[in-house]
Amino acid sequence: MVSDAAFVRNLWYMAAWAEEVPENGFLSRTLLGERWLLFRCGDGTWAMLADRCPHRFAALSRGARVGDVVHCGYHGLGFDRTGNCVHNPFGGAPPSARVLTLPVVERHGGLWFWPGDAERANAETIPDFAFVEGPEHVRGYLRMEANYEFIADNLMDLSHAEFIHRESFGTNGSLLERGVHTVQADATGAIWNNWDIADAVPPDWVRPMVPEGARIDQWLHMRWHAPASMALHIGVARAGTRRTAMVVPAMANPHILTPESTASTHYFYTREPGDQAAEMVRRVFEQEDEPMIASVQEGFAGRDFWEARPLILPSDAGAIRARRRLMQLRRAEAPAAAA
Amino acid sequence: MVSDAAFVRNLWYMAAWAEEVPENGFLSRTLLGERWLLFRCGDGTWAMLADRCPHRFAALSRGARVGDVVHCGYHGLGFDRTGNCVHNPFGGAPPSARVLTLPVVERHGGLWFWPGDAERANAETIPDFAFVEGPEHVRGYLRMEANYEFIADNLMDLSHAEFIHRESFGTNGSLLERGVHTVQADATGAIWNNWDIADAVPPDWVRPMVPEGARIDQWLHMRWHAPASMALHIGVARAGTRRTAMVVPAMANPHILTPESTASTHYFYTREPGDQAAEMVRRVFEQEDEPMIASVQEGFAGRDFWEARPLILPSDAGAIRARRRLMQLRRAEAPAAAA
Amino acid sequence: MVSDAAFVRNLWYMAAWAEEVPENGFLSRTLLGERWLLFRCGDGTWAMLADRCPHRFAALSRGARVGDVVHCGYHGLGFDRTGNCVHNPFGGAPPSARVLTLPVVERHGGLWFWPGDAERANAETIPDFAFVEGPEHVRGYLRMEANYEFIADNLMDLSHAEFIHRESFGTNGSLLERGVHTVQADATGAIWNNWDIADAVPPDWVRPMVPEGARIDQWLHMRWHAPASMALHIGVARAGTRRTAMVVPAMANPHILTPESTASTHYFYTREPGDQAAEMVRRVFEQEDEPMIASVQEGFAGRDFWEARPLILPSDAGAIRARRRLMQLRRAEAPAAAA
């Protein structure tokens, strides 16, 4: 067995939606197994500090913020945005007292951090989620008690919609009957897991928008960037128009996963405004997907995915390719093993 | 330390009462540390499959049954009673896709399975519990948070009744004063742990059935088969009649233990019909035995029984003999150790 | 890493306040990771037995006491105060049957036990807490989910009062502004961590007791004996009187910590009578100190204190000296390591 580290470090991960961080306060969140503190500085840029005082390891988030300085609530040490201790109530700030910081930038409402070598952090490589801008998108967050790769498996194999989500937003069997599945990569490093359905009977929600008896082309394209930042692109067009006669405007939704730990995940998504959409999200995520993913995690019982030798199906191609990519990245970061 | 495996595999274990399995559905139960699915096929025989899809390891019991085929609720793979994958909605069923099955047979209302080598499974060696048949026996099931050998210790040393069960169905001190204790084996592989009480004052429940001042002979014989399938035989006769003048017909009760895990146990029993008998069972098992057995398990704190060097008393003879038998069976199945 | 044992054994630890033990009954408490039984014998002296029957390891505290003999509730074995088995209902008491006992003595209402070599137990070395006698002291007990050394750190660095307890009984900034911190040892083996504040504005609770505009001298002296038996001595005098003109009589409070396990602690204290004092104790211990100490324990995440390399501040001097003393005692008891 090649001993992979738990997480790839030289990647951008999403920590939070900017709007989750209280004005003049901070957000404490466990990310990749460690607690971090996020806050917006007076100049509008963001800071990310380890949420642990170097003195007695209390969480700094139990303290208070004064300007851009965070004061520990236990013995009063103060740390600035660069992690330096700038205040000790009982004497000068010792030069060795500092907390870790990480690069963090805001993009399209998300706060992205880089847990690897800071000099390699290039904000140009943050995946493009520009489509989440606009008042028609409500930004949502939930926490799942599952390893992020099991959740990514779920999202990268949408064939599950015909079974788990049959009652909620299933594709009414058309994915099963007419779905064509392809996997491809692009120049941004993305893996696309695409389902294309041609000349199908429209599902219930589309029917009111097309003439009686009309048929449609539909596509569900999931874009994946490492570690598990996904975007689902959905389209519906009148059949035979080469996707020119769109029935509804093309849609895209983020499904961005960031490990809280090896067994729990932060899940960032958007939904339409309104109680009905909120209820649908709750149903799909919490009642349909999450119990099944929990069952998967229980089935693996802590074993390594590859060592447990799961059956690989053709419909898995996208999920497996993403897993392999991640595994390669982890190995590339692992210290060289003895021969 | 000789490294025993957790469980002896080449033995019959009871999985459930047949009546616990829903008609046209299935029962999912963790047995010997693994989840299994049990169902009655259309032809009336029983099937037992690993409750884990080989694709993403989701529990098959989250899916649905169509005839004798179980369909996974995640991506729709279907498995027949032999464990073969006979349906894949997105392509042919891959020949390597199958789930484990175990031999399972019904005997006297119990479903018995064989977790070892299937070719060694001989239903003739299932211990005889024919006495549970008949409407006067209500079949019961409970789950105890304790290793099954600690529960077997309890059942194989009934001297505890004078202390734990003094208020419920104690033998009113006659076991203490006049009990004669013997242990013997029989040709079926059973170990019998017998208490015989001669010429004793009848306990309260017997008194109305004998003349004023009459004395009785009473016996409590516990029969044990590996791993921990027990039957308690109880008799009460007029003293000095060589057990010919029975005060009540001879009785027998099953106490069948099957490990759920190394720290929890399925307990199958019968009781008389009626609320009062149900209440008595609840009291004796849940309020009297279980807390004491939990205390024993806590006292051992995960250590091996023999290494913890418990004090062995003469009254332990049956329990210790059963433990030794099990240990020999485990060692016989263990791979040969290096010299 | 030097492999320290979890606890120093050749020391006096406080097990309970005598008044916690029911008359004619016993108290079962987990101390240093093991369950013990404490009871007052008929002659008024105390007994301390392992709370575990040597037969099947059930807790003896599930049984009953008859005179100075404890009877196991499972199979009736009886043990006297010396730990010898003096009763077996089903035969003679086997000579090898006994339970461990520890030396235990009562001092000033506390029961002190010695978990090390019994012949080294000298009651003269129990730290002096005579000041807890008297009806003006209500003896209290609480259990904290934290390692006792993290709680001792808290008590041995009272500078935290200016931050955690600012709202409850903070020193109103005078510790910060005028506190002089010294650490010293004494002939009893104690480490004293002293804060002395000279010529300060009186805090709110003192103001009614001094003339308008008067200034005070105040001191907070924490006395520590290994393992973590502490006494806080507090004094307030009119400034410039060389502590002769006391504003209130000198006060002292016990803060005696005994490990329940490596991650939880018994905390013995006293308070003034009355609901208001009870409420203050609850607030200070449970709402202010305990969450911060829990955060510290979470921050260390199970790592050894020294290996985690916390930042050492001058205000830590007392806490660090106590930690070093304990580490030396643990190492002195550890078996000699190979060179």
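Select B:G302 first: of the residues of chain B, this one comes closest to the rotation axis, with its C-alpha at 12 Å. The model on screen is a predicted one.

**The axis**

Now show chains B and C together. A turn of 120 degrees, with a shift of 0.1 Å along the axis, lays chain B on chain C with an RMSD of 0.1 Å. That is how a three-fold axis relates its copies. Keep B:G302 marked while you look for the axis, as no residue of chain B comes closer to it.

**Where chain A meets chain C**

Next, select chains A and C. Their contact takes 19 residues from chain A and 17 residues from chain C. Colour the chain A side by residue class: nine of its residues are nonpolar, seven are polar and three are charged.

**Two domains in chain A**

Hide the other chains and stay with chain A. Colour residues 13–125 as domain 1 and residues 130–333 as domain 2. The C-alpha centres of these two domains of chain A are 33 Å apart.

How many residues of each domain of chain A are in contact with the other domain? There are 13 from domain 1 and 13 from domain 2. On the domain 1 side, select strands β1 (13–17) and β2 (27–31) of chain A, the elements that give two or more residues to the side touching domain 2. Which of the elements gives the most to this side? It is β1(A), with four residues. By class, the domain 1 side of this contact in chain A has six nonpolar residues, five polar ones and two charged ones.

**Two helices in chain B**

Bring back chain B and select helix α1 (residues 148–155) and helix α3 (residues 275–300). Their axes come within 10 Å and cross at roughly 125 degrees. Angles over 145 degrees would count as roughly antiparallel and 65 to 115 as roughly perpendicular; α1(B) and α3(B) are therefore oblique to each other. Is the crossing of α1(B) past α3(B) left-handed or right-handed? It is right-handed.

Show the side chains where these helices meet:

- From α1(B), select B:F150, B:I151 and B:N154.
- From α3(B), select B:D289, B:I293, B:V296 and B:Q297.

Sorted by class, the residues of this contact between α1(B) and α3(B) are four nonpolar, two polar and one charged.

How values were computed: Residues numbered from 1 in each chain as written. Chains lettered and ligands numbered in written order. Predicted model: local features only at pLDDT ≥ 70, side-chain atom pairs only at ≥ 80, totals over all residues. Least-squares fit on C-alpha atoms with pLDDT ≥ 70 in both. Contact = placed C-beta atoms within 7 Å. Nonpolar A, V, L, I, M, F, W, Y, C, P; charged D, E, K, R; others polar. Domains from an automatic or database assignment. Axes fitted to C-alpha atoms, helices over the stretch in contact; angles between N-to-C directions. Parallel < 35°, antiparallel > 145°, perpendicular 65-115°, else oblique. Left-handed = near helix turned anticlockwise from the far one by under 90°.
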